[in-house]
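Open your viewer and get ready to click along. We will go from one small selection to the next, and then step back for a wider look.

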Amino acid sequence: MAWDEWEKLKSQAAERQSTSMQLNQVEPGTGGSTAPDPDSYGDLRVAQADLAKIGDHAFKLYDRLWKEGRVAVPSSDKAAGDLTGQGFALGAGLQHVSARWDEQLKSLRDACAHISNHMQVTKKLHADDEHYIRRQMSSIDMLDAGFDERIGAPGKDNPVYGPPSKKKDD
């Protein structure tokens with residue numbers, strides 16, 4: 001495509017765009033709100049059981065990687081040594097592959113351990129937060145009872161405060 005042709009197509013597209021552009025908006029005078037409905041988003045909810053399950057799976061994967069992922073490393077190292085000892089250049093290549101495999105396996109195991117530990121810490125922190133919130137809500141309920149006029153019958157004193165005290169005239 002020639003440069004002149006490209007410039008011509010760009011200018012034609014710009015002309016079409018400018019005449020057909022339209023903004024989406026509420027019709028004037030309808031009084032509609034453009035704010036999204038907060039109930040349409042939902043909440044992020046995670047149960048303690050979910051966190052425990054993720055941590056447990058990460059820990060099991062960590063163990064399996066150690067048991068099953070290292071099976072080939074000792075035999076590969078031995079084969080690499082034998083090949084190198086016999087004068088084959090392939091021995092050094094196999095040793096390199098074995099070393100890289102071991103590095104990647106360690107990296108993957110570290111990531112699994114990090115996930116497992118993080119889930120345990122997160123679970124504990126959320127449990128502590130839940131207990132704190134419950135304690136705070138409990139104390140608010142007690143305070144509320146003192147201010148709640150529905151405790152006593154209309155026109156009567158709130159029994160939370162006890163019997164009325166006698167005033168001394170001075």
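## First stop: a serine

Select serine 116, which lies in helix α4. Keep in mind that you are looking at a predicted model. Is serine 116 buried or exposed? Its relative accessibility is 4%, and because buried means under 20%, serine 116 counts as buried.

Now show what surrounds this residue. Leaving out residues up to four places away in sequence, serine 116 touches Gly55, Ala58 and Phe59.

## Second stop: helix α2

Next, select residues 48–69, which make up helix α2. How far apart are the end C-alpha atoms of this helix? They are 30 Å apart, which agrees with the 32 Å that 22 residues should span at 1.5 Å a residue.

Colour Leu51, Gly55, Ala58, Leu65 and Gly69, the residues of α2 that are buried. They sit on the same side of α2, because they cover an arc of only 100° around the axis. A general rule helps here: an α-helix has 3.6 residues a turn, so residues three or four places apart point the same way. You have already met two of these buried residues, since Gly55 and Ala58 were among the contacts of serine 116.

Then give another colour to Ala49, Lys53, His57, Lys67 and Glu68. These are exposed residues on the face of α2 turned away from its buried side.

## Third stop: an arginine

Go back to helix α4, which covers residues 90–147, and pick arginine 109 there. With 12% relative accessibility, arginine 109 counts as buried.

Which residues does arginine 109 contact, leaving aside its neighbours within four places in sequence? The answer is Tyr62, Leu65 and Trp66. Leu65 is one of the buried residues you coloured in α2.

Try a distance label as well: from the C-alpha atom of arginine 109 to that of arginine 64 it should read 9.4 Å. Along the chain, these two arginines are 45 residues apart.

## Last stop: the whole chain

Zoom out and switch to a cartoon view. The chain has four helices and zero strands, so you can follow the pattern α-α-α-α along the sequence. Of its 170 residues, 12% count as buried.

Turn on contacts between residues at least 6 apart in sequence: 52% of them join residues at least 24 apart. Finally, show the surface. The chain exposes about 15,000 Å², with carbon and sulfur atoms supplying 57% of that area.

Key: Residues are numbered from 1 along each chain as its sequence is written. This is a predicted model: local features need pLDDT of at least 70, side-chain atom pairs count only at pLDDT 80 or more; totals for chains, interfaces and linings use all residues. Side-chain values use heavy atoms; hydrogens and water are left out. Helices (H or I, at least four residues) and strands (E, at least two) are DSSP runs, numbered from the N terminus. Buried means under 20% relative accessible area, exposed over 50%, partly exposed in between (1.4 Å probe, protein chains only). Contact means heavy atoms within 4.5 Å. Accessible areas come from the Shrake-Rupley method with a 1.4 Å probe; for residues, only the protein chains shown count as cover. The expected span of a helix is 1.5 Å times one less than its number of residues. The arc is that of the directions from the helix axis to the C-beta atoms.
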